[in-house]
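Me: I would like to go through this structure with you, with some attention to its charged pairs and its packing. Could we begin with the charged pairs?

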Amino acid sequence: MILLWLAIAVLLIPAGWLLLLPLRRARRVHADQQAFEDNDSLGAENVRVYRRRLASLERGHARGELDDTALAEGRVELERSLLEDAESLKRSPLKAASSGRVLVPVLLVAMVAGSLYWYQREGARGDLALAQAIAATPIHDAASFEARIARLRAEAEAQPDNAKVWMALFPLYRDAGRLDEAMQSLETLITLEGRVPALIAQLAQLKFFAAQRTLTEEVQTLVDEVLAADPRQPTVLGLLGIEAFDHARYPEAIDYWRKAIAGFENPDAAKALREGIKAARQRMASAGDVDASVALANSVAPDQGAAADQDSKEGAARLTLKVSLDPALEAQLAALPVSAEAATLFIVARDGEGKLPPLAVVRTTADKLPLTLTLSDDNAMAPMARLSMAERVTLVARISASGQPTAQPGDLEGKLENVIVTRSADAGGEKGADATQAPLALRIDHRITQ
């Protein structure tokens with residue numbers, strides 16, 4: 001902000017100089033005007049004209065061209081004209097050169113105050129503060145990720161009517177798995193920007209994941225609204241593809257995802273959809289619907305097919321976990337202010353370097369412990385942060401009495417660090433390494449104190 005105020009000051013300096021310029025020239029202009037008025041010969045010229053015309057009248061009277069009455073009337077007319085000319089030449093006395101000096105600083109102060117007031121109303125001071133907040137909180141680990149969220153939340157409270165703040169904040173909440181706060185931020189953004197199809201699509205996606213990938217009546221209403229305005233909106237098409245895939249309607253899922261790929265500008269999102277198409281074709285083939293699978297595979301555009309082949313060579317990332325509670329913490333679980341059925345259990349995979357949002361998130365309840373589950377790209381909160389994008393991850397299991405994804409004092413937690421992400425082999429080859437790998441033991445073994 002210091003640079004901003006310096007820039008405003010630099011711009012105001014020449015404006016102030018222009019206001020002060022007449023004051024600096026006042027004495028010279030006053031002297032020139034006074035000299036002009038002192039040497040003005042217009043009055044003497046009017047008298048000379050009067051005398052010439054009067055002499056002309058008298059010569060006409062001497063020649064007998066004018067009688068005494070006409071001469072008298074002409075003389076009166078000339079005298080009246082001379083008086084009128086003399087009256088028009090009267091000037092008010094010049095004011096002193098210092099007259100009006102007070103007005104200049106008043107105008108200068110008014111200009112500065114008016115400029116600052118206009119900038120407060122119409123300027124982009126809030127956008128500058130937002131840019132500085134983002135620059136001051138680079139993301140390089142989980143702690144810095146939370147620091148950026150806190151900084152942008154403070155900006156949102158300071159400038160609640162700035163849509164750009166909410167636009168920057170809600171994806172952070174989404175990627176952190178804080179869906180309720182993400183939806184609140186997005187709804188505020190929609191209130192400010194209007195019901196833009198892309199924003200409504202994002203809200204539908206958040207509500208879809210919050211409902212455990214269920215196409216509820218509310219989500220369906222939002223989807224219908226978006227498709228009515230933009231039938232090829234990629235976020236909604238991707239959502240419908242996930243819902244169709246979850247219910248084994250694989251041809252329908254492939255059709256939705258192929259349409260969505262054409263609208264995504266993010267290459268990571270398009271790659272995730274190609275992986276989904278590949279998985280759907282494999283499911284169809286394993287279910288015996290080979291003809292349909294082959295037909296769909298052949299209908300994929302050449303560039304999409306090449307990308308799918310490349311993805312199949314990489315293999316699908318997955319981690320199988322067995323999550324349990326250390327018997328020494330059973331008493332502390334019982335001492336939580338909520339029951340085990342109400343206490344939220346989060347299982348989260350983060351990249352080992354801490355540069356990305358959560359790669360996979362599963363949310364359940366503590367009464368399900370012990371449990372065995374598999375994390376994969378299907379558990380990603382966003383296409384740009386998936387398990388397959390990391391070589392090593394940190395796994396966290398945490399029991400939260402508050403239900404908040406962010407760790408709170410009193411939560412029970414366990415970690416596994418530097419875990420290698422296993423990948424399945426190509427669908428046409430032998431079984432991948434993860435097919436025979438024993439589940440990783442993730443034990444909740446300590447209580448968060450601060």
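Reply: D246 is partly exposed, because its relative accessible area is 36%. Please note that the model is a predicted one.

Me: Which residue does D246 meet in a salt bridge?

Reply: The partner of D246 is R213, with 3.0 Å from N to O. D246 belongs to helix 11 and R213 to the loop between helix 9 and helix 10, so this pair ties together parts that are 33 residues apart in sequence.

Me: How many salt bridges does a search of the whole structure find?

Reply: The search finds 15 salt bridges. One of them joins E225 and R195, whose closest N and O atoms are 2.7 Å apart. E225 lies in helix 10 (residues 217-229), while R195 is in the loop between helix 8 (179-193) and helix 9, so the two tie together parts that are 30 residues apart in sequence.

Me: And R195, buried or exposed?

Reply: R195 counts as exposed, because its relative accessibility is 51%. E225 is partly exposed, at a relative accessible area of 30%.

Me: What about R249, which residue does it form a salt bridge with?

Reply: R249 pairs with E243, and the closest N and O atoms are 2.6 Å apart. E243 is buried, with a relative accessible area of 10%, whereas R249 is partly exposed at 31%. There is also a network in which salt bridges with shared partners join E146, R178 and E181.

Me: Let us turn to the rings. How many aromatic pairs are found?

Reply: The whole structure yields 3 aromatic pairs. Among them, F208 and F209 are edge-to-face, at 5.6 Å centre to centre and 70 degrees between the planes. Both of these residues, F208 and F209, are buried. Another pair, F245 and W257, is tilted: the centres are 5.7 Å apart and the planes 35 degrees.

Me: Where do F245 and W257 lie?

Reply: F245 is in helix 11 (residues 234-246) and W257 in helix 12 (residues 250-263), so the pair ties together parts that are 12 residues apart in sequence. Both F245 and W257 are buried, and with Y250 they form one aromatic cluster.

Me: Now the core. Which residues of the largest nonpolar core touch the most other members?

Reply: They are L186, L189, L206, V223, L239 and W257, in a core of 50 residues. Helix 9 (residues 197-210) supplies the largest share of this core, 8 residues. As background, nonpolar side chains in soluble globular proteins tend to be buried together.

Me: What is L239 in contact with, leaving aside its neighbours within four places in sequence?

Reply: Beyond those neighbours, L239 contacts A204, Q205, F208, L215, V219 and V223. There is also a second, separate core of 32 residues, with A317, L319, A390 and L395 among its members.

Me: And at the surface, which residues make the nonpolar patch of about 390 Å²?

Reply: V102, L103, V106 and L107 make that patch. L103 is part of helix 4 (residues 103-122). L103 counts as exposed because its relative accessibility is 52%.

Me: One last point: where is D141 placed?

Reply: D141 sits in the loop between helix 5 (125-136) and helix 6 (142-158). At 28% relative accessibility, D141 is partly exposed. Its C-alpha atom is separated by 8.8 Å from that of P357, although the two residues are 216 residues apart along the chain.

Technical notes:
Residues are numbered from 1 along each chain as its sequence is written. This is a predicted model: local features need pLDDT of at least 70, side-chain atom pairs count only at pLDDT 80 or more; totals for chains, interfaces and linings use all residues. Side-chain values use heavy atoms; hydrogens and water are left out. Patches are made of residues with over 30% relative accessible area and no salt bridge: like charges are joined within 9 Å, nonpolar side chains (Val, Leu, Ile, Met, Phe, Trp, Tyr) within 5 Å. Accessible areas come from the Shrake-Rupley method with a 1.4 Å probe; for residues, only the protein chains shown count as cover. A salt bridge is a side-chain nitrogen of Lys or Arg within 4 Å of a carboxyl oxygen of Asp or Glu. Helices (H or I, at least four residues) and strands (E, at least two) are DSSP runs, numbered from the N terminus. Buried means under 20% relative accessible area, exposed over 50%, partly exposed in between (1.4 Å probe, protein chains only). Rings of Phe, Tyr and Trp (its six-membered ring) pair if their centres lie within 6.5 Å; planes under 30 degrees apart count as stacked, over 60 as edge-to-face and the rest as tilted. A nonpolar core is a set of buried Ala, Val, Leu, Ile, Met, Phe, Trp, Tyr and Cys residues joined through side-chain atoms within 4.5 Å. Contact means heavy atoms within 4.5 Å.
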